[in-house]
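The following exercises are to be solved with the coordinates at hand. Each task is followed by a solution in steps.

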Amino acid sequence: MTFSDSNFIMQHMHSVTPLIHSSFLSQLCGRKVLLKMENTQPSGSFKIRGIGHFVQQSKAEGCDHVVSSSGGNAGMAAAYAARKCGLPATIVIPESTPSLMISRLEGEEAKVMVHGKNWDGANEKAQELAKEKTCCFVHPFEHPLIWEGHSTLVDEILEQSAECPSAIIVSVGGGGMLCGVLKGLHKKDTKNIAIIAMETQGANCLNEALKVGHPVSIGSITSIAKTLGSLTVTQGVFDLKEGINLISQVISDRDAVEACVRFADDHRALVEPSCGASLAAVYKG
């Protein structure tokens, strides 16, 4: 069976990633710390789990063109998924997107359109383009099928870990991965596992929403962790968090970047500040 075989693609859009023990982080916090290495996904991030699943299902329902609005990991996942499914893709990105990401998106054979100063502006344009009936609009984090795809993280963690974890630490932007983890815990009936949700100051839409009990706009993104840059968190978090101990923490950009530097020294792996937010949960106590 070849990689281009459609049945193969339907079953293997994302990879089963390693779950590795970190002796460095374990020593720091006095607990066993495991790292889920989603940087080894074919599109470079966990986003391919949910977005790949969404694009596959959309194609099965008649979609013939993928449109997305992200200059980061979600755009890469949408472009990769579209190419693997044999569909053209248009990715709308904000003006702030680095030229390197544009090259990477074009390397996945996607058409790139620059529109708006931030993601919200790019998203409005993408929604306008996707009004064609046969277009598939891929939101970076807002759809139950995307959360369902992300929930495979929990499936794999429970299969790969010798013991049930006491907590799962996640970085939060718009809340797509968080919803996936919440959905996975419900699906596996492991609601006793706590979730520690990490954000940077200036991209802390979840923390602000939890204070008032519903999604609320934070007005602007001032954090260096741009891939956490959603003005509001999805309502899905509130719909799925019932019965689960969700702990929200906000750290500074400095803490996130310092965590990235320490992680590079400890593990010989370079991650972005968005990931550093999660790592800081241990590095900063």
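**Exercise 1: One side of a helix**

In helix 12 of this predicted model, the residues D255, A256, A259, C260 and F263 are buried. Determine how these residues are arranged around the axis of helix 12, which residues the opposite face carries, and what covers the buried ones.

*Solution.*
1. Check the geometry first. Helix 12 comprises the 15 residues 253-267, which at 1.5 Å a residue should span 21 Å; the end C-alpha atoms are 21 Å apart, so expectation and model agree.
2. Recall the periodicity: an α-helix has 3.6 residues a turn, so residues three or four places apart point the same way.
3. Apply this to the buried set, D255, A256, A259, C260 and F263. They cover an arc of only 140° around the axis, which puts them on the same side of helix 12.
4. Inspect the face turned away from the buried side: it carries the exposed residues R254 and D265.
5. Identify the cover. It includes strand 2 (34-36), strand 8 (194-200), strand 9 (246-251) and helix 13 (273-283).
6. Finally, examine what follows helix 12: this is R268, with a positive phi near 55°.

**Exercise 2: Surroundings of D253**

Which residues does D253 touch, leaving aside those up to four places away in sequence?

*Solution.*
1. Locate the residue: D253 belongs to helix 12.
2. List its contacts under that exclusion, with heavy atoms within 4.5 Å as the cut-off: T200, Q201, T222, S223, I224 and A225 are touched by D253.
3. Consider I224 in particular. It is 29 residues from D253 along the chain, yet the two C-alpha atoms are separated by 6.3 Å.

**Exercise 3: V66 and the nonpolar cores**

Which residues have the most contacts inside the largest nonpolar core, and what is the bridge partner of V66 in strand 6?

*Solution.*
1. The largest nonpolar core has 52 residues, and those with the most contacts inside it are V66, L178, I195 and V237.
2. Helix 4 (residues 73-84) gives the most to this core, with eight residues.
3. Turn to the pairing: strand 3 (residues 65-68) runs parallel to strand 6, with four bridges between them. The bridge partner of V66 in strand 6 is C136.
4. In strand 6 (residues 135-138), C135 and F137 point one way, C136 and V138 point the other way, and all are buried.
5. Beyond residues up to four places away in sequence, V66 touches, among others, C136, V138, A78 and A82.
6. Apart from this core lies another, of 19 residues, including V33, M37, L228 and I251.

Note on methods. Residues numbered from 1 in each chain as written. Predicted model: local features only at pLDDT ≥ 70, side-chain atom pairs only at ≥ 80, totals over all residues. Heavy atoms only, no water. Helix = DSSP H or I, 4+ residues; strand = E, 2+ residues; numbered from the N terminus. Expected span 1.5 Å × (residues − 1). Buried < 20%, exposed > 50% of the residue type's maximum accessible area, 1.4 Å probe, protein only. Arc of directions from axis to C-beta. Core = buried A, V, L, I, M, F, W, Y, C linked by side-chain atoms within 4.5 Å. Pairing = 2+ DSSP bridges.
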